[in-house]
Every structure is written in structure tokens, then in C-alpha cells.
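Reader: I've got a model open and I'd like to go through the labels people put on it. Could you take me through the reasoning behind them?

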Amino acid sequence: MSSLRWSSTRAESSWPRVTGSGEFLATGDRGGRVVIFQREPQGEYNVYSTFQSHEPEFDYLKSLEIEEKINKIRWLPLHNPAHFLLATNDKTIKLWKVSERDKRAEGYNLRDEEGRLKDLSTVTTLQVPVLRPMDLLVEASPRRVFANGHAYHINSISVNSDCETYLSADDLRINLWHLNITDRSFNIVDLKPENMEDLSEVITVAEFHPHHCHLLAFSSSTGTTRLCDMRARALCDQHAKLFEEAVDPSRRSFFSEIVSSVSDVKFSHSGRYLLTRDYLTVKVWDLNMENKPVETYQVHDYLRTKLCSLYESDCIFDKFECAWNGTDSVIMTGAYNNYFRMFDRASLRDVTLEASREVCKRRAVLQPRRVCVGKKRKETDVSVDSLDFRKKILHTAWHPKENIIAIAASNNLYIFQDRLTPNGHHNTPEIQSAPPKWQTQPNPPTY
């Protein structure tokens, strides 16, 4: 699984306004498919629609094969019963319309029931077509194709709060698109030097502010995050603010720059804070303070002694995502061994949980996990030497209103919800369901 995204009721965000907040969850896979899950009245999520968004292509000018893998998915605000979303692979962005149809028109004058044109000589009377009830059909149709806008692989798309434009970012450029114009875009950030040998950093992720349509943030491989104001100038080559934490020279090593590369950035729902994820930490930045983060959380500090082997296996270049809960009070991000971490900003407590088919049964309560550097203290503790770095949780998403989370672990999608204890307090999130390897099957199973 390569991407997942909740829907939401927030009009100013990148999710649609849907009755019943977070009614839909969209997921993308490496085969170019998008699977949308809908929340049922009982609270469970079932498959709502499945469609092939991208196909493999070949760039003959560059002799480059373009994979169909979905990199990012973003919902558009809802203005009618149909749902719209943007999906992108490395090169091409597509706007999809997902709509329902429970009636069909019958009684055409010039066409038969199968849609073929009639012989006009046989048409002797005029009739009024009528709508007949039919079984509910969910249709996904491409409405726009935004191609040829990037020379490098697209790593981010973000819908603006003005509901008319969106951005797309690759390694060196950020483009601004209008949702109704497909043949041109406006370049707002360009880091490409005249001589590529002078290249010192690449763009890793970009996102619009949730409320102010003129503000956007993008992060780079050097660990910096820039806030740009499009009101200041058309080309945002001069940032309005630069968020960067000074590195102690005595602690600098060969891996310092690699592990400081920002893999994800998220504005808080309030728009006051920025959440960034690098290889070892998640950081919370106040937009009014640039010199250092207001909060820093260690995700897997025990890996510092493993950086050499992680570099040799290329795991050190893994791009983990991060997420806020609906009230901006808890942070979530992924780790190795199918672990994911949660940090409570008020109590400063954290918990490590596991999303795997071996330990997750329907309605089972997840037990906290602990990774030990030395000897095990408890039987349930896991040694850092026994971690499976092939099992990793890169993609996470939090329901915009409720304590429900979605975790993508390899080819499995897990949905967890927070269970209330008898005294009314929140407990460890429990698993709701775990569909097995749905992305490899032609028809994903229902829950």
C-alpha cells in the first residue's frame, strides 16, 4: 500500500464536507488501484468503490518506465453528492469523480435499450424518456488529467483552501495548478541550479496551510522546512520563515544529514503548528518560532547504533509519515517491526503498538510493546537486534473527528478505534478489522 487518506467535514481542508465526518477512507496501492472504504451505520468500514487510477507507461524520450504506483491521494471539498479526489503516480495527476447511480433512463427515441442508434426510418412516434429504479451503482470516472508538469518524480500534492487550486511537488520544483486547467501550471518554487553539480538539497514534501490560501510549507533533504507566502512574490524562491534546528557540531556524523531529511510535514488542524517527521524523531514547530521546535519526540532512538547497517540496506532512506488527531493533542507515526507510535502532547506519555495479523484479531485490544537495547526486562519485550526492518509502517491516517486510525502495513490495511472503559475513560485502541491482502485481489473483500 502506497497511500491512504481520510475524508472529513472540514470545508477549509483538503477533505470533502461529508455528512458523518470521516465517512470515507481512500487507499492507493502499487498496482495503480484506488480503493475507497465507506463507514457503515454500525461503525465498520466496507469497500465502497475500486477503480484503476493509473497504468504503467513508458517515456520514450528519456527511455524511462513510469510505474503505476499511487504516490499520494487527496480529497477535494464536497459541493454536490459526488466525491472528487486527486491521485498521482510519479508523473501524472488525475482528478476522479466518484458518484452513485440508482436510476437509469429508458425510452430513448433514437437509441435502443443497449445504446445503439436506431434506424431512423423505424422511428414513427416520439416518446418521453423516463427514469427507472436500478441497483445502486458506484461509478468512478476521470474528469481531468494533469500531465507533463514535472521532470522529476512527484512526491506531494495538496489542495488549497480556496477550493480552486492545488500544488504538486517533485524533487526540485513546486507547481501551482488550477483544477479546471490541465495544459499548464505555474511554477512557484524552483530549486534547480544552473549546474546540477551545485545541487545541495531536494524537496521532500510540500503542503498548503489549512486556512490561509496564500501560505504553503515545504521541507527538504537538509532538514529545513520553509514557509512561503505567495502574496509577497510570484516565485517563492525567498521564504517567509525558515524552521531549522541547529545541530551540535560535536554530535555530527556521516549520517547526520541523512537522518535529518524531513519525510513528512503536516499543519495542525488549527493552523498554528507544523508537524515534521525525520528518520528518528517527530517535531512540533510553532509558526511564530523558527529557531527550534517546541516539542521533540524520539520515535526509535534505539536505532542510532544501527545506522550503518540501515544505510547498507537502504532502510535509512525510508519515508515515514505522521498524523495529528482531530484535536491536535496526540501525534502518530510509524516505525519498524510493524510498530507505530503515539505521543500525547499534554501528558508527554507515549505508547508503542503493533499492527500485524499475528497479534491482531477482530475486537482484540492491542497490548503496548517495548523495544529493549540491552537484556529483556519482560517476556513481551522485543530486543532491538530482533527487529524486522522489512516490516515497516510508512503510511498512517487519523480520523478527523473521532479516535479512529488507519494503518497501512505492507499489503494489509488495519483500522483501529479507541475503546471506552466502563468508567468512561479511553483505553488502548482496539482493532476493528483487518482485511487480508486486499490490494492483491481483483475484488477486495468486505469487512
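Author: Sure. Let's start with salt bridges: the term is used here when a side-chain nitrogen of Lys or Arg is within 4 Å of a carboxyl oxygen of Asp or Glu. By that rule, the count comes to 21 salt bridges. Keep in mind that this is a predicted model.

Reader: What makes Glu-139 and Arg-101 a salt bridge?

Author: The closest N and O atoms of Glu-139 and Arg-101 are 2.8 Å apart, and the cut-off is 4 Å, so the pair qualifies. This pair links distant parts of the chain, with Glu-139 in strand β10 and Arg-101 in strand β9, 38 residues apart.

Reader: Why is Glu-139 called partly exposed?

Author: Buried means under 20% relative accessible area and exposed means over 50%. Glu-139 has 30%, so the label is partly exposed. Arg-101 has 31%, so Arg-101 counts as partly exposed too.

Reader: How do you know that Arg-304 forms a salt bridge with Asp-301?

Author: Their closest N and O atoms are 2.4 Å apart, against a limit of 4 Å. On accessibility, Arg-304 has 38% and Asp-301 has 35%; each value lies between 20% and 50%, so both residues are partly exposed.

Reader: And Lys-392 with Asp-318: what parts of the chain does the pair tie together?

Author: The salt bridge has its closest N and O atoms 3.0 Å apart. Lys-392 lies in the loop between β28 and β29, and Asp-318 in the loop between α2 and β23, so the pair ties together parts that are 74 residues apart in sequence. Lys-392 and Asp-318 are both buried.

Reader: Which residues are joined into one network by salt bridges that share partners?

Author: Glu-245, Asp-278 and Lys-283. Lys-283 turns up again in the second largest pocket, as one of the residues closest to its centre, along with Val-247, Ser-256, Val-259 and Ser-260. That pocket holds about 790 Å³ of space, and α1 gives the most to its lining, with four residues.

Reader: What is nearest the centre of the largest pocket?

Author: Phe-317, Asp-318, Lys-319, Leu-394 and His-395, out of 40 lining residues. Asp-318 is the partner of Lys-392 in the salt bridge above. The largest pocket has about 980 Å³ of space, and its lining divides into 15 nonpolar, 13 polar and 12 charged residues.

Reader: Why would the second largest cavity be called a cavity and not a pocket?

Author: A cavity is a set of points where a 1.4 Å probe fits but cannot get out, whereas a pocket is an open set. The second largest cavity contains about 40 Å³, which clears the 30 Å³ used in the search that finds two cavities. Its lining has four nonpolar, two polar and five charged residues, with Lys-72, Asp-264 and Glu-207 among them.

Reader: What makes Leu-110 eligible for a nonpolar surface patch?

Author: A patch residue needs over 30% relative accessible area. Leu-110 has 46%, so Leu-110 passes that test. Leu-110 sits in the loop between β9 and β10, and with Leu-117 and Leu-120 makes a patch of about 330 Å².

Reader: Last one: is Asp-286 buried or exposed?

Author: Buried: the relative accessible area of Asp-286 is 10%, and the cut-off is under 20%. Asp-286 lies in strand β21.

Technical notes. Residues are numbered from 1 along each chain as its sequence is written. This is a predicted model: local features need pLDDT of at least 70, side-chain atom pairs count only at pLDDT 80 or more; totals for chains, interfaces and linings use all residues. Side-chain values use heavy atoms; hydrogens and water are left out. On a 1 Å grid over the protein atoms alone, a cavity is a set of points where a 1.4 Å probe fits but cannot get out, and a pocket is an open set with protein on both sides within 12 Å along at least five of seven lines; lining residues have an atom within 4 Å of a point. Grid points are joined across faces, edges and corners, and a volume is the space filled by probe spheres set on the points. Ala, Val, Leu, Ile, Met, Phe, Trp, Tyr, Cys and Pro count as nonpolar, Asp, Glu, Lys and Arg as charged, and the others, Gly among them, as polar. Helices (H or I, at least four residues) and strands (E, at least two) are DSSP runs, numbered from the N terminus. Patches are made of residues with over 30% relative accessible area and no salt bridge: like charges are joined within 9 Å, nonpolar side chains (Val, Leu, Ile, Met, Phe, Trp, Tyr) within 5 Å. Accessible areas come from the Shrake-Rupley method with a 1.4 Å probe; for residues, only the protein chains shown count as cover. Buried means under 20% relative accessible area, exposed over 50%, partly exposed in between (1.4 Å probe, protein chains only).
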